[in-house]
Amino acid sequence: MLKAYEKFGLTINRCRKLISLYSDIKGRDATTADDILRSAVMLATAAFDTYVTDSFEERFKTYVSGGHADKKIFDLLDEAGLDSKEAIGLLNMRRPYRRLSTIIKRYYSKFTTQKMEVIDNVFSQYGIKSITLSAAKKSGKQSIKDSTTKLVRRRHDIVHGGDYNDQGKLQQIDEAKVSKRIDNLQLLVKNMEQIINSRFSKL
């Protein structure tokens, strides 16, 4: 099974191929070429969302089985719907941690884990404070968070409004900006992964 960070990297490579395809056809069919760029935006932000939830889930067993669960984890499980009946049922399961991970993943699927404050809250469960800010500082580029937020907002415009503006016209989309923001997203996630690994190496 692919690890969260590996899957993210493979998906970003697919985004880059879409951007290359855009360059190949923009002279022949500009509208379709722009939609290819929009597809790259959607795929990149989906990869980000999936990375956050998968990364949290794949480390859950290590954190809890190592005796590090605290009130934050207990509150999270309670909010995720782990009631007394389900807790007792875990005693008879061969893989109780997998069940707990499934409950957590299902819970986070209700949220948009592309928003910085949501991501910070997710990883605060593991004792990591303000992971997105720390990842941005690690990059040496404070604007990296804003860049990623703009990518996420553009994804929202595309998915929920077809990327039309208030006048019913398609918004312009720029190859250089999309490419740069995907680069920044990849760097942000790379730094997040390093921060998470550092935290777990000390447990």
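This is a walk through the structure, one selection at a time.

**The whole chain**

Start zoomed out, and keep in mind that you are looking at a predicted model. Show the cartoon: the chain has 10 helices and zero strands. Reading along the sequence, the pattern is simply α-α-α-α-α-α-α-α-α-α. Line the view up with the principal axes and the C-alpha atoms fill a box of roughly 60 × 35 × 30 Å. Of the 203 residues, 40% count as buried. Among contacts with a sequence separation of 6 or more, 73% are between residues 24 or more positions apart.

**Helix 2 and the nonpolar core**

Now select Phe 48, Phe 56, Phe 60, Phe 123, Tyr 126, Ile 182 and Met 192 and show their side chains. They belong to the largest nonpolar core, which has 56 residues, and they are the ones that touch the most other members. Colour helix 2 (residues 30–58) next, since the largest share of this core, 12 residues, comes from there. In soluble globular proteins, nonpolar side chains tend to be buried together.

Zoom in on Phe 60. Leaving out residues up to four places away in sequence, Phe 60 touches Ile 73, Leu 77, Leu 100, Ser 101, Ile 104 and Tyr 126.

Stay with helix 2 and pick Ala 33, which lies in that helix. Ala 33 is buried, with a relative accessible area of 0%. Beyond residues up to four places away in sequence, Ala 33 touches Tyr 22, Ile 25 and Lys 26. Try the distance tool from here: the C-alpha atoms of Ala 33 and Ser 55 are separated by 33 Å, with their positions 22 residues apart along the chain.

**Helix 7, wrapped up**

Select residues 116–124, which make up helix 7. Seven of its nine residues are buried, so helix 7 is largely enclosed by the rest of the structure. The buried ones are Met 116, Val 118, Ile 119, Asp 120, Val 122, Phe 123 and Ser 124. What does the covering of these buried residues include? Switch on helix 2, helix 4, helix 6, helix 8 (131–139), helix 9 (144–161) and helix 10, and you have the helices included in that cover.

**Asn 191, on helix 10**

Move to helix 10 (residues 175–201) and find Asn 191. Is Asn 191 buried or exposed? At 5% relative accessibility, Asn 191 counts as buried, because the cut-off is under 20%. Leaving out residues up to four places away in sequence, Asn 191 touches Ala 135, Lys 138 and Ser 139.

**Lys 71, out in the open**

For a contrast, go to Lys 71 in helix 4 (residues 71–79). Lys 71 is exposed, with a relative accessible area of 60%. Its side chain makes a polar contact with the side chain of Asp 75, at 2.7 Å. Next, draw a C-alpha to C-alpha line from Lys 71 to Asn 165: these residues are 94 apart in sequence and 45 Å apart in space.

**The largest pocket**

Last stop: turn on a surface and select Met 1, Glu 57, Glu 58, Arg 98 and Ser 101. Among the 15 residues lining the largest pocket, these lie nearest its centre. The pocket holds about 460 Å³ of space. Helix 1 (4–25), helix 2 and helix 6 (96–108) each supply at least two lining residues, and helix 6 gives the most, with five. Colour the lining by residue type and you get nine charged, five nonpolar and one polar.

How values were computed. Residues are numbered from 1 along each chain as its sequence is written. This is a predicted model: local features need pLDDT of at least 70, side-chain atom pairs count only at pLDDT 80 or more; totals for chains, interfaces and linings use all residues. Side-chain values use heavy atoms; hydrogens and water are left out. A nonpolar core is a set of buried Ala, Val, Leu, Ile, Met, Phe, Trp, Tyr and Cys residues joined through side-chain atoms within 4.5 Å. Buried means under 20% relative accessible area, exposed over 50%, partly exposed in between (1.4 Å probe, protein chains only). Helices (H or I, at least four residues) and strands (E, at least two) are DSSP runs, numbered from the N terminus. Contact means heavy atoms within 4.5 Å. A polar contact is a pair of N or O atoms within 3.5 Å; within protein, one must be able to donate a hydrogen and the other to accept it, and residues adjacent in sequence count only if both atoms are side-chain atoms. On a 1 Å grid over the protein atoms alone, a cavity is a set of points where a 1.4 Å probe fits but cannot get out, and a pocket is an open set with protein on both sides within 12 Å along at least five of seven lines; lining residues have an atom within 4 Å of a point. Grid points are joined across faces, edges and corners, and a volume is the space filled by probe spheres set on the points. Ala, Val, Leu, Ile, Met, Phe, Trp, Tyr, Cys and Pro count as nonpolar, Asp, Glu, Lys and Arg as charged, and the others, Gly among them, as polar.
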